[in-house]
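Dear colleague,

I am passing on the structure we talked about, and I would be glad if you could read the notes below with the coordinates open beside them.

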Amino acid sequence: MKPLPPTLRQKKRYVLFRIVPHEAGLDGKQLYYAVYDAISSLYGDFGAAELSMAVVLCEGNYTVVRCRRGSEGMLVTAALTVNRINGTFCALRPVATSGTIAALRRRMPESRPPLPERQAVFSGKEYAVRQRSQEKVDLYGDGIKNQEILYFTQDDMEDI
Amino acid sequence: MAYSDACVFPYPSGDTSVRRFALEAKYMGFDSIVCADGNGGVSGEFYGVRVYRALHLRQKNQNDLVKAMRKCRFKPDIILVSAGDATFNRATLSTGGVGILRGIHDAGSRAFDDVCGIKAAENSVAVDIDLSAIICRRGNPRQKALESFAEILKFQRKFGFPVSISSGASSYIHMRSVEEIVSLCGIFGMEENEVKAALGSVDAIINSPPIIEVIDEAIDEVIPE
């Protein structure tokens, strides 16, 4: 099929999402399937076709999702219902909406080197402690089935 | 207005500590959170967010509910009760001390009627909208939950009882910010001002003045014969 001339093409909007938790380690394909599943589950096939969603960028904890202009609200609402990607608990938090990817790139903070990891024993189990910020601390412990993660704060760690 | 998440499940029920919940709630625009189950006696204010200690009861009949309320070892700021059938809900809404009726979307299509609506309005008991039913469910269960929330909204507009909104989160990942909640509640027709009023209802319930107020000065007055 012959492509549409630029004047007849639909305008696009780009939505920047932050992926939580920090170490989700997702790629664009996994994100695409998760968001597309959320859209088709909430709005049906017709809604999904109307949105014409695509994941255009996936860098660190941030992703940019493209949709048709005027349907950003639908995209954000559907993305809020994403709670699990590829078997791990994840959420997408909307940060900004723009007409260009460049504008959204400016909203993405530069990735910082990871802070040194240490070990801690909590309720008889050994955990790898990773400091996320001044206050946030994540505890990673290996379980029988999968990795157990606890989300604590620096004050909690001082109490332990 | 002070916004509040009406129910979160911290560690050990969930994987996030009370303090971490409070910290995330601060970034998400909340002023307070209600921690149900196993909050380990932690309550107070963390990072500028007020943490309310709640007792979450899942009893099936009225007698067991009253017994459980009496047996409680700590003094909760608010009592949450899981909804049951219509008879149980009517009795629960008339029971003194109950603050929020939760999980109405799981209780069946006839569990909440106009009598429940009137009783909830008379006793200022909030009916909870649990967003985890929209976020974590897919297909038929989510459709039923959305239908149930839309019905609660209709009753609320008619009878004017308080409505609370909770994320039902056992992890901070499942929490949603105030703007995100406005967007999610728009699916079943809740308007922005209604959502914001609902987010402020928990503080209004907890800090409501007592029904009977004792005025000390009146005791000294001599009653004429």
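The notes below go through a sheet region in one chain and two helices in the other.

Please keep in mind throughout that this is a predicted model.

In chain A, strand β3 (residues 62-68) is mostly covered, with 5 of its 7 residues buried. Strand β1 (residues 12-20) of chain A pairs with β3(A) in the antiparallel sense over 7 bridges, and strand β2 (residues 54-59) of chain A also pairs with β3(A) in the antiparallel sense, over 5 bridges. A:Val64 in β3(A) has A:Leu16 standing opposite, and A:Leu57 stands opposite A:Val64 as well. Between β2(A) and β3(A), which form a hairpin, there are 2 residues, and A:Gly60 in the turn has a positive phi of about 60°.

In chain B, helix α3 (residues 86-94) has A-to-L side chains worth inspecting, since B:Ala86, B:Phe88, B:Asn89, B:Thr92 and B:Leu93 are buried. These residues cover an arc of only 160° around the axis, which puts them on the same side of α3(B). What covers them includes α2 (62-71), β5 (78-82), β6 (98-102) and α4 (114-123) of chain B.

Further along chain B, B:Leu146 is found in helix α6 (residues 140-159) and is buried, with a relative accessible area of 17%. Leaving aside residues up to four places away in sequence, B:Leu146 touches B:Ile134, B:Ile187 and B:Phe188. The C-alpha atoms of B:Leu146 and B:Ala133, which lie 13 residues apart along the chain, are separated by 8.3 Å.

With best wishes

Terms used: Residues numbered from 1 in each chain as written. Chains lettered and ligands numbered in written order. Predicted model: local features only at pLDDT ≥ 70, side-chain atom pairs only at ≥ 80, totals over all residues. Heavy atoms only, no water. Helix = DSSP H or I, 4+ residues; strand = E, 2+ residues; numbered from the N terminus. Buried < 20%, exposed > 50% of the residue type's maximum accessible area, 1.4 Å probe, protein only. Contact = heavy atoms within 4.5 Å. Arc of directions from axis to C-beta. Pairing = 2+ DSSP bridges.
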